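Here is a short note on the empty space in this model. Please read the points below with the structure open.

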Amino acid sequence: MNISLSKRALLKHLIAATVVYPLSSFSQANIRFNKNPFVLGVASGSPTEDSVVLWTRLVDESLFGSELPANAIEVKWELANDHQFANVIQAGVSLALPELAHSVHAEVRNLPSNRWFYYRFTAGGKVSQVGKTRTLPAANASIDRLRMAYASCQHYEHGYFTAYKYMREEDLDLVMFLGDYIYESGPGQKGVRSHDSGPLIHLDDYRKRYVLYKKDAYLQAMHAACPWLMTWDDHEVQNDYAALNPGTHGPYVADFPKRRAAAYQAYYEHMPIRASALIDGIDGLLKGSEMRIYGNFRFGSLANIAILDDRQYRDPNICTPSGQGSATFDPQACPDLFSETRTLLGKTQEQWLSGVLKDSGKSAWNVIGQPTLYAQRYFPSGNKLLVWNDGWDGFPAARKRLNQVFIQNKVKNLVIFGGDVHENWVGYIKDDYDNPLSKTLGVEFCGTSVTTIGGGEKYIASRLAKNPHFIFAQASKKGYGIAQFTPAELTVTLKVLSDAQDANSGIESLAKFRVDSGSNRITQIN
């Protein structure tokens, strides 16, 4: 799909790709693949109580050109109660269109709630690997447990995705991925493996980078194990970009909105998200300005999970000497930082989240997944306290507005998960971070990276001392977090690799925490 297509043509392609055709139409006598086109694996996501998205993409990287035809390919999908597919409960045919990189997003509907299923795809005489997925419990269902992983920041060059080998053993209901699925830079100097192309600018560039990442066997296996909830951060486009403003760590392009639109399209093509993410924002996408990915997922009466997008609608970072990108500075020297009009989520998303939280009393736990650190974090520097402006500290008025939504809606058992900073941070969401006695609104668990290098362990103790609302931090280890919810408590375990740059690394539990329902209090239990 070329971004310069007309709105009518773009909609025609998207609608054609989302139609489910009957099995009687599945006839591929003239298409026979000589090798497996499912080399990127399978995935599922965007689950509801009666539906789920099944994803794959047909790829052929033949040395002498592709044997994929330059037109639509019929792909059969099956959803069954058993791994052997003796009891298929739904099946259909979807079109893999070249305009969408021959990706498939089969939105399977009218399913029973709170059930596990197996799925697979067939095309050109070849059958994909088998994936496992589930529907969510009905909104009013009484549920005893939700076990979920959260992860972010998987730089291909900085390490191996061994974390997913261990995550797959965790008996999970969901994975919540909080941004930086790929990195857009060219080959670097710090890695144990290398990006295979220069910096990403065009649609084909982004597509090739997703192919590189998705060929990782551990990542593929984890996608096939359970449904994922997805959001992005900045590296899916360009480091430190803000809405339609480019960052400073990528090559200059004359038309950044076009580059961003290409990146967004490639993201859609490779993620198990609904076509409505594109269709609902079709006018904006054609202008390079919107693809809606934020959403809400209710896991029975146990938990409501709101997934946010804090990149697409934000105001530009402020007080950065270069005028773009991120910086650390003294907030007292930047009065514009505190402008009441500044937004990280955008007005429409802020209003949507406020509406979601009005129903917060219907869930035992109210969960927000978003790409970065939420609580205020000062960086001591001599006699000054500095802030970093690429996260919520760069938008204090926006954070204050959201805090007021928590207060006005009496949101109970609030838990915010984040990523981006490549470090584990555990602490409290406060009404006023400069007043330790102010009201505690909830708890926060910001995760380390899967692989991405960053952070300074030698600074952790001094930073904790200046930010007493945090009770734990660790900067050097890479991995993921496991959150288990029950009606009585939340437990969070930080799982870290011995060495993310060792493909055979072991894993350990760095720390484990408990939050009793109704307490807003974190207890470290190991």
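1. Helices (H or I, at least four residues) and strands (E, at least two) are DSSP runs, numbered from the N terminus. This is a predicted model, in which local features need pLDDT of at least 70, side-chain atom pairs count only at pLDDT 80 or more, and totals for chains, interfaces and linings use all residues. Residues are numbered from 1 along each chain as its sequence is written, and side-chain values use heavy atoms, with hydrogens and water left out.

2. The second largest pocket (an open set of points on a 1 Å grid over the protein atoms alone, with protein on both sides within 12 Å along at least five of seven lines) has a volume of about 460 Å³, the space filled by probe spheres set on the points, which are joined across faces, edges and corners. Its lining (residues with an atom within 4 Å of a point) counts 23 residues, with Ser46, Arg274, Gly295, Asn296 and Phe297 nearest the centre.

3. Strand E11 (228-231), helix H6 (276-279) and strand E12 (295-299) each supply at least two residues of that lining. E12 gives the most, 4 residues.

4. By class, the lining of the second largest pocket has 13 nonpolar (Ala, Val, Leu, Ile, Met, Phe, Trp, Tyr, Cys and Pro), 5 charged (Asp, Glu, Lys and Arg) and 5 polar residues (the others, Gly among them).

5. The largest pocket has a volume of about 710 Å³. Of its 30 lining residues, His235, Asn239, His422, Ile453 and Gly454 lie nearest the centre. This lining has 14 polar, 11 charged and 5 nonpolar residues.

6. The whole structure holds 2 cavities (sets of points where a 1.4 Å probe fits but cannot get out) of 30 Å³ or more. The largest cavity has a volume of about 60 Å³, and its lining includes Trp388, Trp392 and Asp393.
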